[in-house]
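The exercises below are meant to be worked through with the sequence and the structure side by side. Please try each task before reading its solution.

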Amino acid sequence: MKKSAAKVAREYGPFPGIDKVNGVTYDGKQVWFAAGDKLQAFDPASGKASRSLEVPAHAGSAFDGKHLFQIAENRIQKIDAETGAVLSAIPAPAGGGDSGLAWAEGMLWVGHYRERKIYQIDPDTGAILRTLESNRFVTGVTWHDGGLWHATWEGDESELRRVDPQSGKVLETLELPSGINVSGLESDGHETFYCGGGNTGKVRAIRRL
């Protein structure tokens with residue numbers, strides 16, 4: 001297993017009226033994060049808040065190229081990214097204990113925080129297609145460079161892990177600086193991970209050292 005350290009390249013926020021980051025995604029231009037009663041976007045170049053959508057946003061967020069997917073309590077809502085209209089909803093596999101959300105190759109991947117699991121689910125029906133086991137709490141899920149990654153947060157320690165999407169075996173870890181905790185995870189498709197900062201209300205850009 002490959003192990004490396006990571007650094008905080010940039011911090012965004014906290015943003016006015018927002019005290020917690022619950023999930024993070026990226027639409028190719030803006031970073032979106034779940035802030036409880038809304039989805040908030042910001043420009044990663046300037047750091048300035050931009051659009052917001054008034055939808056429940058309690059945990060992981062994802063983007064499929066056109067729609068946003070957002071965990072709202074015990075369901076996953078499919079949202080029109082332009083209008084904010086909720087188009088459909090499916091049951092969340094952890095029934096409210098869900099903690100991360102990612103889109104890849106036509107499927108959704110969902111973290112189950114306390115059960116230390118990641119589910120692959122059908123985005124139309126919510127049917128669980130695959131279950132991966134972890135030995136750490138799962139606090140965010142993303143795909144990066146063709147690989148499945150998830151964040152962990154236990155005590156004051158967090159790391160990002162690349163795992164085999166078939167078996168769940170840990171292939172690589174990125175250790176974060178002490179005190180930097182992750183409550184949501186997204187890749188920009190290049191060298192940066194966007195990580196939610198929990199109760200700090202911040203989003204951090206993380207890169208390998």
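## Exercise 1: The overall build

Of the 209 residues of the protein, 53% count as buried. The model is a predicted one.

**Task.** Find out how many helices and strands the protein has, and judge why its radius of gyration agrees with that of a compact globule.

**Solution.** Begin with the secondary structure: the protein has 20 strands and 0 helices. Next, turn to the dimensions, where the C-alpha atoms fill a box of roughly 45 × 40 × 30 Å along the principal axes. A compact globule with 209 residues would have a radius of gyration near 17 Å, and because the protein has 15 Å, the value agrees with that expectation. Finally, consider the contacts between residues at least 6 apart in sequence, of which 44% join residues at least 24 apart.

## Exercise 2: A nonpolar core and its strands

**Task.** Identify which residues have the most contacts inside the largest nonpolar core, and which elements give two or more residues to this core.

**Solution.** The largest nonpolar core has 13 residues, and those with the most contacts inside it are Tyr12, Phe33, Phe42, Tyr194 and Val203. The elements that give two or more residues to this core are β2 (23-26), β3 (31-34) and β20 (203-208).

Now take Phe42 as an example: leaving aside its neighbours within four places in sequence, its contacts include Tyr12, Phe15, Phe33 and Val203, and also Gln30, Lys48 and Ser50.

Then look at β2 itself, which is covered on both faces, since Gly23 and Thr25 are buried on one side, as are Val24 and Tyr26 on the other. In a regular strand the side chains alternate between the two faces of the sheet. β2 pairs with β3 in the antiparallel sense over 4 bridges, and within this pairing the bridge partner of Tyr26 is Val31 in β3. The hairpin of these two strands has 4 residues between them, among which Gly28 takes a positive phi near 100 degrees.

## Exercise 3: Hairpins in succession

**Task.** Follow the chain from β7 through β8 to β9, and state how many bridges join β7 to β8 and how many join β8 to β9.

**Solution.** Strand β7 (residues 67-72) runs antiparallel to strand β8 (residues 75-80), with 6 bridges joining them, and Ile71 has Ile76 in β8 as its bridge partner. The two strands form a hairpin with 2 residues between them, and in the turn Glu73 has a positive phi of about 55 degrees.

The next step leads to strand β9 (residues 86-91), which is joined to β8 by 5 bridges and is also antiparallel. Here Gln77 stands opposite Ala89 in β9. The hairpin of β8 and β9 has 5 residues between the strands, and Gly84 takes a positive phi near 85 degrees.

## Exercise 4: An open sheet

**Task.** Determine the strand order of the open sheet of 4 strands, and explain why one side of β10 and of β13 is left without a neighbour in the sheet.

**Solution.** The order is β10-β11-β12-β13, with antiparallel pairing. Because β10 (98-104) and β13 (128-133) stand at the edges and each has a single partner strand, one side of each is left without a neighbour in the sheet. Neighbouring strands of this sheet are turned by 20 degrees against each other on average, direction ignored. For one of the pairings, strand β12 (residues 117-121) and β13 are linked over 5 bridges, and Tyr119 has Thr131 in β13 as its bridge partner.

## Exercise 5: Salt bridges

**Task.** State how many salt bridges the structure holds, and work out whether Glu172 is buried or exposed.

**Solution.** The structure holds 7 salt bridges. In one of them the side chains of Arg116 and Glu154 meet at 3.7 Å, N to O. Arg116 lies in the loop between β11 (107-112) and β12, and Glu154 in strand β15 (residues 147-154), so the pair ties together parts that are 38 residues apart in sequence.

Another salt bridge joins Glu172 and Arg208, with the closest N and O atoms 2.5 Å apart. This pair links distant parts of the chain, Glu172 being in strand β17 (residues 170-175) and Arg208 in strand β20, 36 residues apart. Since buried means under 20% relative accessible area, Glu172 at 4% is buried, whereas Arg208 at 32% counts as partly exposed. Finally, salt bridges that share partners join Glu11, Lys202 and Arg204 into one network.

Notes:
Residues are numbered from 1 along each chain as its sequence is written. This is a predicted model: local features need pLDDT of at least 70, side-chain atom pairs count only at pLDDT 80 or more; totals for chains, interfaces and linings use all residues. Side-chain values use heavy atoms; hydrogens and water are left out. A nonpolar core is a set of buried Ala, Val, Leu, Ile, Met, Phe, Trp, Tyr and Cys residues joined through side-chain atoms within 4.5 Å. Buried means under 20% relative accessible area, exposed over 50%, partly exposed in between (1.4 Å probe, protein chains only). Contact means heavy atoms within 4.5 Å. Two strands pair if DSSP finds at least two bridges between them. Axes are lines fitted to C-alpha atoms, for helices over the stretch in contact, and angles run from 0 to 180 degrees between N-to-C directions. A salt bridge is a side-chain nitrogen of Lys or Arg within 4 Å of a carboxyl oxygen of Asp or Glu. The radius of gyration is taken over C-alpha atoms; the globule rule is 2.2 Å times the number of residues to the power 0.38.
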